[in-house]
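Thanks for sharing this one. Below are a few notes to read with the structure open beside you.

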Amino acid sequence: MNYKSFPSEYWSEINTVIQNLKAKNIPLFAAFDADGTLWDTDLGENFFQYQIDQKSVPLPQDPWNHYLEMKKVNGDPRDAYAWLAQINDGVELSQVRRWAQEAFDSIQPKPIFSEQKKLIELLQKNSVQIYIVTASIKWAVEPGARALGLTEDNVIGIETEVVDGRVTREKKHPITYRQGKTDAL
């Protein structure tokens, strides 16, 4: 997906900064937000819609309204974001990841910003450690990371504890929303 190419000066500056830092033996890290930064969709909410459509987990009568109302409580959406992971309580994590991949595969055309993909490729070529830090559930974002040539280990997002390979309702902290993103990174 293309919007606007980065100017050549941008690429030159990035290369200069990388080479200068490498010359000083400074560890190289890059962190990206996910939705609206790497791709033009919300992968967490896309996965939620997939789960609604597939009836893969038990949900309230009007799941979208339930989620949107949770986001409004005390002006703090963190519980709502965590709930999107908690609805998978009791499901094997491997199954949740399969569903997340199927949800991502259903998006056509792929919403990945081509210039961001090129940037990540440049960073990888220069051994920069890359992280995607998201307020979406980690498992929903992992397929997007793979489409960028990254792995699930590059994704930091909302999770619950996993016990014996199964998702639980127990929130993992920090919740990766606002300051929680920095704390998790």
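1. A good place to begin is the start of helix H2, where a side-chain oxygen of Asp 42 comes to within 3.0 Å of the backbone nitrogen of Gly 44. Please keep in mind throughout that this is a predicted model.

2. Next, the length of H2. The helix runs over residues 43-54, and its 12 residues should span 16 Å at 1.5 Å a residue. The C-alpha atoms at its ends are 16 Å apart, so the expected span and the model agree. Just after H2, Lys 55 has a positive phi of about 55°.

3. Which residues of H2 are buried? They are Leu 43, Gly 44, Phe 47, Phe 48, Tyr 50, Gln 51 and Ile 52. As a reminder, residues three or four places apart in an α-helix point the same way, because there are 3.6 residues a turn. The cover over the buried residues of H2 includes helices H3 (63-72), H4 (78-86), H5 (93-105) and H7 (138-147), together with strand E2 (129-137).

4. H4, one of the elements covering H2, is itself mostly covered, with seven of its nine residues buried. These are Ala 80, Tyr 81, Ala 82, Trp 83, Leu 84, Ala 85 and Gln 86.

5. From H5, I would pick out Val 96. Its relative accessible area is 0%, so Val 96 counts as buried, for which the cut-off is under 20%. Leaving aside neighbours within four places in sequence, Val 96 is in contact with Phe 47, Asn 88, Val 91, Trp 139 and Val 167. Phe 47 is also among the buried residues of H2. The pairing with Val 167 is worth a look: the two are 71 residues apart in sequence, while their C-alpha atoms are 8.5 Å apart in space.

6. Now to the largest pocket, which holds about 170 Å³ of space. Of the 13 residues lining this pocket, Asp 35, Asp 42, Tyr 81, Ala 135 and Ser 136 are the closest to its centre. Two of these names have come up already: Asp 42 at the start of H2, and Tyr 81 among the buried residues of H4.

7. Which element gives the largest share of the lining of that pocket? E2 does, with four residues. H2, H4 and E2 each supply at least two residues of the lining. By character, the lining residues of the largest pocket divide into five nonpolar, five charged and three polar.

Notes. Residues numbered from 1 in each chain as written. Predicted model: local features only at pLDDT ≥ 70, side-chain atom pairs only at ≥ 80, totals over all residues. Heavy atoms only, no water. Expected span 1.5 Å × (residues − 1). Buried < 20%, exposed > 50% of the residue type's maximum accessible area, 1.4 Å probe, protein only. Contact = heavy atoms within 4.5 Å. Polar contact = N/O pair within 3.5 Å; in protein donor to acceptor, adjacent residues only side chain to side chain. 1 Å grid on protein atoms, 1.4 Å probe; cavity = no way out; pocket = protein on both sides within 12 Å on 5 of 7 lines; lining within 4 Å. Points joined across faces, edges and corners; volume = space filled by probe spheres on them. Nonpolar A, V, L, I, M, F, W, Y, C, P; charged D, E, K, R; others polar.
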